[in-house]
Amino acid sequence: MSETTHAVEFRGISKRFGSIQANDSVDLYLDRGVIMSLLGENGSGKTTLMNMLAGIYFPDEGEILIDGKPVTIKSPADAFENKIGMIHQHFKLVDVFTAAENIVLGLKEQGKLDRKAISTRVKEIGDRYGFEIDPDKKIYEMSVSEKQTVEIIKVLYRGADILILDEPTAVLTPQETSKLFKILRAMRDDGKSIILITHKLNEVMEISDVVAVLRKGKYIGAVKTAETNEKELTEMMVGHKVSLNIERPDPVDPKPRLTVAGLTVRDSEGMVKLDDVGFIAYGGEILGIAGIAGSGQKELLESIAGLRHISKGSIIYTPEGKSPAELVGKTPMEIKDAGVSLAFVPEDRLGMGLVGGMGMTGNMMLRSWNKGKSIFVDTKGPEKLAEQVLVNLDVKTPGIDYPVRKLSGGNVQKVLVGREIAQAPSVLMSAYAVRGLDIHTSFTIYNMMTEEKMKGVAVIFVGEDLDVLLELCDKILVLCGGKVSGIVDARTTTKEEVGLLMTKLGGKEAN
Amino acid sequence: MSFNIIGLIKAAIINGTPLLFGTSGEILTEKSGNLNLGVEGLMFMGGAFGLMGAFLYGNAAGDSASGAVAVAISLLCSFGIGCIGSLIFSFLTITLRANQNVTGLALTIFGTGVGQFVGELMRIKVGGNVTISNALKAAFAEPILPAALQKIPVLGQILFSYNLFVYLGVIMALVMAWFMKKTRKGLFLAAVGESPATADAAGINVTRYRYLATVIGGGISAVGGMVYTMTIAGSVWNHSGLSGEGWVAVALVIFCLWRPINALWGSALFGALLILYLRLPIPFLPTQIYKIVPYIATALVLIMVSMRQRREDQPPQGLGLNYFREDR
Ligand SMILES: Nc1ncnc2c1ncn2[C@@H]1O[C@H](COP(=O)(O)OP(=O)(O)O)[C@@H](O)[C@H]1O
Ligand SMILES: [Mg+2]
């Protein structure tokens, strides 16, 4: 194949941020009408590489060729000129604008701003590729998948031929994901080149034609999807053999740790979010929580952590060797001090629990500032803790005092989860702890949960991936519309049974 | 009681006009995401340089001085010095990415200092009050519409009896409202203020928009200072006359929810509040109490807005934050 046929080609591209080598002499090409997956562990430089194509960053070294011609992409405007469009991991949309207003941002069209005409054209594009979109809806009223649709139309509106999608499926439901993939296929058949970043290997196998792998900023290689498998890809990513099995030792002497009964919680509008929820979480077991997004998972964990007003019900906490205590009515601080820990990973990782401008040490200190006896804060303890998390979870950072905001998304998450585990809690709750993490890191976190369980901790694990829940947990509680739909033994249940419980209360109707 | 409602409305509008300029200029600035707390300094400099322009021209031209030329010179001088002041602010915050609050406060200190210096220098040179001929004063402060219109009962006084700057201010605010609502550039400017990273990724030149909005906005604010000195203060330099005007203008920006259309009536309302102690004196109530009323009104609006929780009423999301593309 002659090289002029490549739609995009990177030649020896390098980029540094201070002391971090984000990309190291990357050579990579992509042809027309091809969907390429870009794989790599968190922090391996995928986003950075794509940002250089989109004009957000400028390479330190190397050149980029479009259709065989070297180009200089100094700004996003240059990228549009070369028909390159990127849908960023964190959406770049103005919340108070409508979809249509966001779509025309920055376009150098003449004449006055005719909102009607724009809306019509947006609808046309939507019809062509099978999007559903209301051009006059404000962004802040939209769901995540609607926002993503706006982002995609935004680049199509500019006539992009090369589309980059950075972890587009991380926050989508399975249904939304398959809808997106249908659209991507339609675009590929239209002759567009698509680069897709995702950590979900099943998606990689399903959608892409080729897979390119980055490791520690270096280009490792590209393979045809049809000629590879998940195991081989993981090894290319990580650089050594890995086993993708979750160990699940049998629980040793489980004891009731948290007894929840009749828990009813309403939100600020008075809507019932949890309805008469009851269960027992045992020390030495992992209790998985499954449910369609928004079935009350978040509310349940927050109620236990003392972050929500509880209308009715009781939460009895029985620490090892102590008498039971009622948690309802206690402040979040008292609950935390009693040993109930919450590692909640929201869609926006920096939104909850971490201060972006501080380093790892500072963020560790957020949990311990009120512990010491002297009037000065203790910095030694948090420093040691930070070192520990850094080593245990293999956080990629130049140092423990480097601002966490500058770490890649997955590494930010490791800091958050690692800190909660390091508190030596007796109840550890985590929600979406592996969201957006590469599979290697995900497995590290699963194993940490299991280690905690073996220490006698009651682990409550809210997950999105049913396969993982079935392999990792001892019991699975299924929520459906704020009610307990069923509690099943994870060793004997099936995906189908849990799926049914998720959609129908009690899962009975179908039997 | 000799309380005269028409007189109060008139006085409110005239006293509100410097605020209308000060506030509209700051709205333009803040729409771009720049929080320029130097309005007080800009208005001081505008007042001093506006008067100086007319004064020097009056001295040079003698009896043949034309009112229109004097007005034009004052406008140019105040607008120009406002642009220079906010250009310094822009360079420090946009190019060097200095903290906006600190830079703005520094500009206030700097601007009041420069304004005082110029004013006092003129006073020492003249050896008394710095002022301009009555003919020139009239060009600034007298009504400009035909007397016939002003004679219409009630409406004539309320609508047609003002000096040039009142009408200029209304036109300026209307043009600004139209620009922000109806034009592409206005939409892009709002995007820059809401989310510079989004605007940048969409191919909008964030730096250019921020510079232009801040510099022009600063110029407009400074014109407000000139309007105060030349109309309300009677074209005489008074070293404390302008003090506080700029801060009220900044509060008014919040009161108006960043909309120039609201500045039209908001400035008149604040204008009324500023002179209430003259018009509606309550025995034993110190005038200082009156002076805090505008700030109380602003606080009330903030409370109402936060209770209603409408996204459109919030300040630009990027307000006060500097932008650098390669930042995370
Ligand atoms: N703007 C930036 N400033 C400083 N460091 C950065 C910046 N962008 C990326 N990095 C660093 O570069 C490395 C690669 O990051 P990234 O490209 O986001 O990885 P990935 O997308 O593969 O997870 C990380 O170590 C990250 O901390
Ligand atoms: Mg990334």
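This is a selection-by-selection tour of a predicted model, taking two sheets of chain A and then the contact between chain A and chain B.

**Stop 1: the four-stranded sheet**

Select E2, E1, E4 and E5 of chain A, which form an open sheet in that order with antiparallel pairing. Colour E2 (20-30) and E5 (69-71) separately: these two strands of chain A stand at the edges with a single partner strand each, so one side of either strand has no neighbour in the sheet. On average, neighbouring strands in this sheet are turned by 30 degrees against each other, direction ignored.

Now zoom in on E4 (residues 61-66) of chain A, which pairs with E5(A) in the antiparallel sense over 3 bridges. Show A:Ile66 and A:Lys69; the latter, in E5(A), is the bridge partner of A:Ile66.

Add helix H1 (residues 46-53) of chain A to the view. H1 lies across E1 (8-17), E2 and E4 of chain A, and runs at about 120 degrees to E1(A).

**Stop 2: the six-stranded sheet**

Next select E6, E7, E8, E3, E9 and E10 of chain A. In that order these 6 strands make an open sheet, and the pairing is mixed. Its edge strands are E6 (84-87) and E10 (218-224) of chain A, each pairing on one side only. Here the turn between neighbouring strands is 20 degrees on average, direction ignored.

At the E6 edge, E6(A) pairs with E7 (residues 162-166) of chain A in the parallel sense over 4 bridges. To find one of these pairings, show A:Gly85 and its bridge partner in E7(A), A:Leu163. Helix H5 (residues 144-157) of chain A packs on the sheet here, touching E6 and E7 of chain A, and its direction makes about 175 degrees with that of E6(A).

Then select helix H6 (residues 174-189) of chain A. It lies across E3 (35-39), E7 and E8 (193-197) of chain A, at about 150 degrees to E8(A).

**Stop 3: where chain A meets chain B**

Display both chains and select the contacting residues: 40 in chain A and 23 in chain B. The area buried between the two chains is about 2700 Å², with carbon and sulfur atoms giving 55%.

Which side chains should be shown for a salt bridge between A:Asp95 and B:Arg311? Those two residues' own side chains meet at 3.2 Å, N to O. The count between chain A and chain B is 2 salt bridges. Across the interface there are also 7 residue pairs in polar contact.

Finally, highlight E1, H2 (76-81) and H3 (99-104) of chain A, each of which supplies at least two residues of the side touching chain B. That side of chain A divides into 17 nonpolar, 9 polar and 14 charged residues.

Technical notes. Residues numbered from 1 in each chain as written. Chains lettered and ligands numbered in written order. Predicted model: local features only at pLDDT ≥ 70, side-chain atom pairs only at ≥ 80, totals over all residues. Heavy atoms only, no water. Pairing = 2+ DSSP bridges. Axes fitted to C-alpha atoms, helices over the stretch in contact; angles between N-to-C directions. Contact = heavy atoms within 4.5 Å. Buried area = accessible area lost by both parts, 1.4 Å probe. Salt bridge = Lys/Arg side-chain N within 4 Å of Asp/Glu carboxyl O. Polar contact = N/O pair within 3.5 Å; in protein donor to acceptor, adjacent residues only side chain to side chain. Nonpolar A, V, L, I, M, F, W, Y, C, P; charged D, E, K, R; others polar.
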